[in-house]
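The following exercises are to be worked with the sequence and the model side by side. Each task is followed by a solution in steps.

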Amino acid sequence: MNILLVEDNPTQSKLTSTILQRRGFEVDSAETLAEALKKLAHPIFDAILLDLSLPDSEGMETFKRVHAITDIPVIVLSAQDDKDLALQAVRQGAQDYLIKGMLSTDSLIRCLQYSVERNRVENELRRGQERLRIIMDNSYDAFLSMNSEWEITGWNAQAQQTFGWTDKEAIGQSLNLIFPTHLKKQSLGSIEQQFLNNSTRNARTTRELLAIHKDGHDFPVEIGFFRIDDEPKPSYCAFLRDITKRIEYQEELENLVQERTKSLTQKNEELRQFAKIASHDLQEPLKAVQGFVQLLEETANGNFDKDQKEFLGFIQDGTMRMQQLIKSVLIHSQIGNNGSENYTTDCNLVVEEVMADLAVSIKDTNTQFEVDWLPHINVEHSQMLQLFENLASNAIKYRSSKVPLIHFSAEESGDMWLFSVRDNGIGIDPEYKEKIFDMFSRLHGKTKYPGTGMGLAICKRIVTSHGGNIWVESKLGEGCIFLFTLPAVSAKTNAGAEK
């Protein structure tokens, strides 16, 4: 630690220097104020021991001139036991006032060490406050600080830009300054109550409130408050941001979503109507073809050769398949989540109905069913019947040489149910696990496995229209597990009968 000793008495200077050097201090000395000021031009010292009586300066003038050019801690070491002078020196910035001849070596050392450490802490605090001030003044958010009475004690440049008041106008005012007149009591009261209800140390709260500008216009702000638990009373800080543009953007976005939703709803309805009309119009020529084939058979009285009979069979088969395709497309187009939250469907009853509908196929193939307990869900009954029946009939159709076994199960997953339909059929190559859900997708020839290729596409449409997902896990020769999620019965659902 380097000490500058300013002392005009050579004997006193030598004595003090020796004491300090024995304790490990580095000591430089000056006998006049001019010499001291010259040495202070190079700030290498940690503290100054200053005698107020010098040949070229006397009393407090000596201290003032030294203190004016440096922030190094100054300790007055004087022969004058003058309480008024001591008090004046300390008030004007001296770290301490020591009296020669009445001071022990240990007291002098402690005073120097304390003064240097205190000065270091004060400098760090000043630098920290300066850094904080720079950060606050350059913040994109308005920053306010308040005392325990909610009086404004800090107001950065962004606060001035946001609210219009300068720091001189705002500091000392109540926080109510930034709230509209009709909301002053309500706004500040709600903030105070929030902190009264929160005993957590350095509690925080964030809210959106209406603020007012100096010119009188009000605007929405997002405010984040936090309490600093100082003793004996807390203080508060707040970061505020004008959210006018954000709210305008949200409103525009909501309006845009509503417009697009309305447009999509209208287009979907138009598509459903088109599909319905188109399917009706397409059925008519098919019925005509079937009718003329039937008339041809009746008028020919069976006088057809082998090729002619085969050709008529192709015509009948083609028209029947086209009718099935049209029917499947119509079903696919009409599936939608039309207020499904108002439905409660018992999936156990649906599986029983599926088994009744497929009774002939089940008997012919000796198909076995394993059905775990299944939940009630928010999906309309007919759609669940379509979904389960498509999956079950596929499991029977694509059976292996084993006796077909179909297992239904479900497990809860948040506000959804995860269903599983497992079979022991021929399985699917993982390469095609996504393709099978496409419309008209077929992995096998229609002669070996008849169908329209719409069954799984309809299943996917039912599931996704209710916010769920459907996928398959399978390997060739190892059967399939179809997994899908559907919404659980919500609290809003009318408990009771299945619709």
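**Exercise 1. Two cysteines**

Cys 347 counts as buried, at 0% relative accessibility. The model is a predicted one, in which local features need pLDDT of at least 70 and side-chain atom pairs count only at pLDDT 80 or more, while totals for chains, interfaces and linings use all residues. Residues are numbered from 1 along each chain as its sequence is written, and side-chain values use heavy atoms, with hydrogens and water left out.

Task: Classify Cys 459 as buried or exposed, and state how many disulfides are counted.

Solution.
- Step 1. The classes are set by relative accessible area: buried is under 20%, exposed is over 50%, and partly exposed lies in between (1.4 Å probe, protein chains only).
- Step 2. Cys 459 has a relative accessible area of 0% and is therefore buried.
- Step 3. A disulfide requires a pair of cysteine sulfur atoms within 2.5 Å; by this rule the count is zero.

**Exercise 2. The span and covering of helix 13**

Task: Compare the expected span of helix 13 with the distance between its end C-alpha atoms, and determine how many of its residues are buried.

Solution.
- Step 1. Helices (H or I, at least four residues) and strands (E, at least two) are DSSP runs numbered from the N terminus.
- Step 2. The expected span is 1.5 Å times one less than the number of residues.
- Step 3. Helix 13 covers residues 381-397, and its 17 residues should therefore span 24 Å; the end C-alpha atoms lie 24 Å apart, in agreement.
- Step 4. Of these 17 residues, 12 are buried, and the helix is mostly covered. Among the buried residues are His 381, Met 384, Leu 387, Phe 388 and Leu 391.

**Exercise 3. The nonpolar cores**

Task: Identify which residues touch the most other members of the largest nonpolar core.

Solution.
- Step 1. A nonpolar core is a set of buried Ala, Val, Leu, Ile, Met, Phe, Trp, Tyr and Cys residues joined through side-chain atoms within 4.5 Å.
- Step 2. The largest core has 39 residues, and Leu 387, Phe 388 and Phe 484 touch the most other members.
- Step 3. Elements giving two or more residues to this core include helix 11 (347-357), helix 14 (455-464) and strand 19 (480-487). Helix 13 supplies the largest share, eight residues.
- Step 4. Contact means heavy atoms within 4.5 Å. Neighbours within four places in sequence aside, the contacts of Phe 484 include Leu 387, Phe 388, Leu 391, Trp 417 and Trp 471.
- Step 5. Apart from the largest core lies another, of 28 residues, among them Ala 159, Ile 212, Phe 219 and Phe 225.

As general background, nonpolar side chains tend to be buried together in soluble globular proteins.

**Exercise 4. Salt bridges**

Task: State how many salt bridges are counted, and locate the partners in three of them.

Solution.
- Step 1. A salt bridge is a side-chain nitrogen of Lys or Arg within 4 Å of a carboxyl oxygen of Asp or Glu. The count is nine.
- Step 2. Asp 106 and Arg 23 form a salt bridge through their side chains, at 2.6 Å from N to O. Asp 106 belongs to helix 5 (residues 105-137) and Arg 23 to the loop between helix 1 (10-22) and strand 2 (26-30), so the pair ties together parts 83 residues apart in sequence. Asp 106 is partly exposed at 39% relative accessibility, as is Arg 23 at 43%.
- Step 3. Arg 241 and Asp 141 form a salt bridge, also at 2.6 Å from N to O. This pair links distant parts of the chain, 100 residues apart: Arg 241 is in strand 12 (residues 235-242) and Asp 141 in the loop between helix 5 and strand 8. Arg 241 is partly exposed, with a relative accessible area of 43%, whereas Asp 141 is buried, at 16%.
- Step 4. Arg 246 and Glu 208 form a salt bridge at 2.9 Å, N to O. Arg 246 lies in helix 9 (residues 244-300) and Glu 208 in strand 10 (residues 204-212), so parts 38 residues apart in sequence are tied together.
- Step 5. Glu 7, Asp 51 and Lys 100 are linked in a salt-bridge network.

**Exercise 5. A positive phi**

Task: Determine where Trp 150 is found and whether the residue is buried or exposed.

Solution.
- Step 1. Trp 150 is in the loop between strand 8 (142-146) and strand 9 (152-155).
- Step 2. The phi of Trp 150 is near 65°, a positive value in a residue other than glycine.
- Step 3. Trp 150 has a relative accessible area of 3% and is therefore buried.
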